Amino acid sequence: MNKKWSKVKWSLALVTILLLSAVVHGCASTSDDPDSAGDLVVVSWGGEYQDAQKIAIFEPFQEQTGINVIDLSPVDYAKLKAMVESGRVEWDVVELEDSFYYTAVKEGLIEPLDYSIIDTTGIDPQYVEEYGVASIIGSGGIAYNTESFPAGKHPQSWADVWNVNEFPGVRGMTKLPIFTLEAALLADGVTQDGLYPIDVERALTKLDEIKDHIVWWEAAAHGIQLLVDKEIDLGFVYTGRVLDARDKGAPVEFVWNQGICGTNLWVIPKGAPNKENAMKFINFALLPENQAGVSIRFPYAPSNEKAFEFIPDNVANDLATNPDHWNKMIRIDAEWWGENWDHVYEQFIAWLME
Amino acid sequence: MKNLLTCFNLKSRFPLKNHFSLDTFFNQHFYMILLIPSVLFLAVFFAYPLIRIASMSFFDPSFTLKHYIHLITTPIYTRTIFNTFYISISITIITLFMSYPVAYMLTEVRDRTRNVLLLFILLPFWVSILIRTFAWIVLLQRYGVVNTILLDLGVIDTPLSLMYTRFSVIIGMTHILLPLMILPLYGVMKGIDKSYLRASYSLGASPYRTFLSVFFPLSLPGVAAGSSLVFIISLGFFITPALLGSPREMMISMLIDMQVRQFLNWGFASALAMILLLATIAIFLAYRRVLGIERMFGG
């Protein structure tokens, strides 16, 4: 009896130790190999937008240079910070929002761009920064469901959105202070000049008026989905998403008046493995034909003015930089947001929870 | 082993007290080798990250209590913590009241029926939480199932706003956590000898009295196990309150998420996480003191 049990014991121990070593060995050998020279990892915002970028920029770049382009999504700021701080950076090029750009610079997360490789002719100097260069000029603004508001009786300004009597229904707003506070101040009669620095108290008081009618969305795709499903009747949604949904047949429409513009920037994370390739990529991405290729497929405006030579008129009508629209829209002060994001966001969250 | 010991004459060189013998110790506690994989796994993937998070909350970069001070002095954070506890306690009580009769019924029915009923309880348990949460969204949203039915029946004129309220959060979380209350309750209840109840009746007690004096006290370990499980899990719950609730229903988990992903303030997020951990440990210790550790595992 003892002998048999002894055999069982020892064989169990042997099995355990074998399993253990297999696991350890497995873990060791599945560690990723770093990107070999001749690769590039690009990270953008996913969905239809990134599909457009793939066709217009990523694939042509790969064909032309032979560099293997791997594109990922979505951009995750926490991930970026984790990578840079731990020294194991896997991303080479990232598309950041302008409001985060200043935080990224402050925290030392991105590399300065080499403008001897990156050619910025055609790009307005205001879009060229030390650590990043604008990729697209996007916007968001008033969008509404055409089934809730028949033609002619739709909201045309933020003041209208705040008017619950004439325009009844559920409003959708982004669960961030950026865009939301601007919308509130615009509804309160403030113009671009008086917008910054933002009077947060005034904006929150104005928001109190419709707070009970607001549904808050976080992801861009969620916002447009709510509008299409009529879970919200009107509110703030990103332009590109609305127009894209409209072109695909959804009963939604965008109001250019009092739209709010911001830019996205191409940046290179500090310590990126393929910096040279990254610089070449950004240079390629800024070329007019390539920017036009994106704008044709997804309605965001290019940062390179020369791109308009390649964009047909009917598409140009839908872009924010079109003079018809540009003058009606207001621009985000990304620098102000970069400096004040933290405490304004806390104030906003505190207000949200009341 | 025996050879080693006799070879080096260890036994006579180092006479051990209480007749402790390495040989018998090894023979009796052999199972410890089998524990090595699990212990290593837990050490690397659980203990180490936990220590990292604790150190992140206290060292930023040098020793500081600023995160904890910020936490205690800012009203929204204390309000969120209070909110979280309030919602978790409500859910625990509601789940308890809903599960108790179900668990009792499970002990009374025939085996075949019981297997079918257990299947109904366990199947949703195995479906992903995210999918179940989305199912509630489909049911409760403005033009979702509930509203459309009521609208078509003419009961209401405009859709009820069921989503993004405390109601929707509590319903969603209760639905998801019910099996976790039913199963421990059932586990303890089926061990209660029904002859005690019969004895109570035979001594003249009413069913009501029997329940209060005999059945309920015997089921308390199950109540303790189920409630502590449900409560601790609801404290840390993220997906359901995030999707079904409005910002007014913000819970600690959502705050931590915001601090990690949008504020990138990991020191503060770690402090929040430590508070959550401390609360959990405190509850665990309270249960241990009041009811004894064996009882928590149905002993």
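A crossing of two helices is called right-handed if the near helix is turned clockwise from the far one by less than a right angle, and left-handed if the turn is anticlockwise. In this predicted model, that description can be applied to a pair of helices in chain A, α4 and α15, whose crossing is right-handed.

Helix α4 of chain A spans residues 98–106 and helix α15 of chain A spans residues 334–352, and their axes come within 7 Å and cross at roughly 55 degrees. Angles of 65 to 115 degrees count as roughly perpendicular and those under 35 degrees as roughly parallel, so the arrangement of α4(A) relative to α15(A) is oblique. On the α4(A) side the contact is made by A:D98, A:S99, A:Y102, A:T103 and A:K106, while α15(A) brings A:A334, A:E335, A:W337 and A:G338. Taken by character, the residues of this contact divide into three nonpolar, three polar and three charged.

From the packing of helices we can turn to the space left inside the model. Rolling a probe the size of a water molecule over the atoms shows where empty space is left. In this structure, the count comes to two cavities of 30 Å³ or more.

The largest cavity holds about 50 Å³ of space. Its lining consists of A:Y49, A:Q53, A:I57, A:S135, A:I136, A:W266, A:A285, A:Q291 and A:V294. Three elements of chain A, namely α2 (47–65), β4 (133–145) and α12 (288–297), each supply at least two residues of that lining, and among the contributors α2(A) gives the most, with three residues. No charged residue lines the largest cavity, where the division is six nonpolar and three polar.

The second largest cavity, with about 30 Å³ of space, has residues of chains A and B in its lining: A:E346 and A:I349 are found there together with B:I76, B:Y77, B:L255, B:M258, B:Q259 and B:F263. Here the reader meets α15 of chain A again, since this helix, like α6 (75–108) and α14 (252–261) of chain B, supplies at least two residues of the lining. The largest share, three residues, comes from α14(B). The lining of the second largest cavity divides into six nonpolar residues, one polar and one charged.

Helix α15(A) thus links the two parts of this account, for it crosses α4(A) at roughly 55 degrees and also supplies at least two residues to the lining of the second largest cavity.

Definitions and conventions:
Residues numbered from 1 in each chain as written. Chains lettered and ligands numbered in written order. Predicted model: local features only at pLDDT ≥ 70, side-chain atom pairs only at ≥ 80, totals over all residues. Heavy atoms only, no water. Axes fitted to C-alpha atoms, helices over the stretch in contact; angles between N-to-C directions. Helix = DSSP H or I, 4+ residues; strand = E, 2+ residues; numbered from the N terminus. Parallel < 35°, antiparallel > 145°, perpendicular 65-115°, else oblique. Contact = heavy atoms within 4.5 Å. Nonpolar A, V, L, I, M, F, W, Y, C, P; charged D, E, K, R; others polar. 1 Å grid on protein atoms, 1.4 Å probe; cavity = no way out; pocket = protein on both sides within 12 Å on 5 of 7 lines; lining within 4 Å. Points joined across faces, edges and corners; volume = space filled by probe spheres on them.
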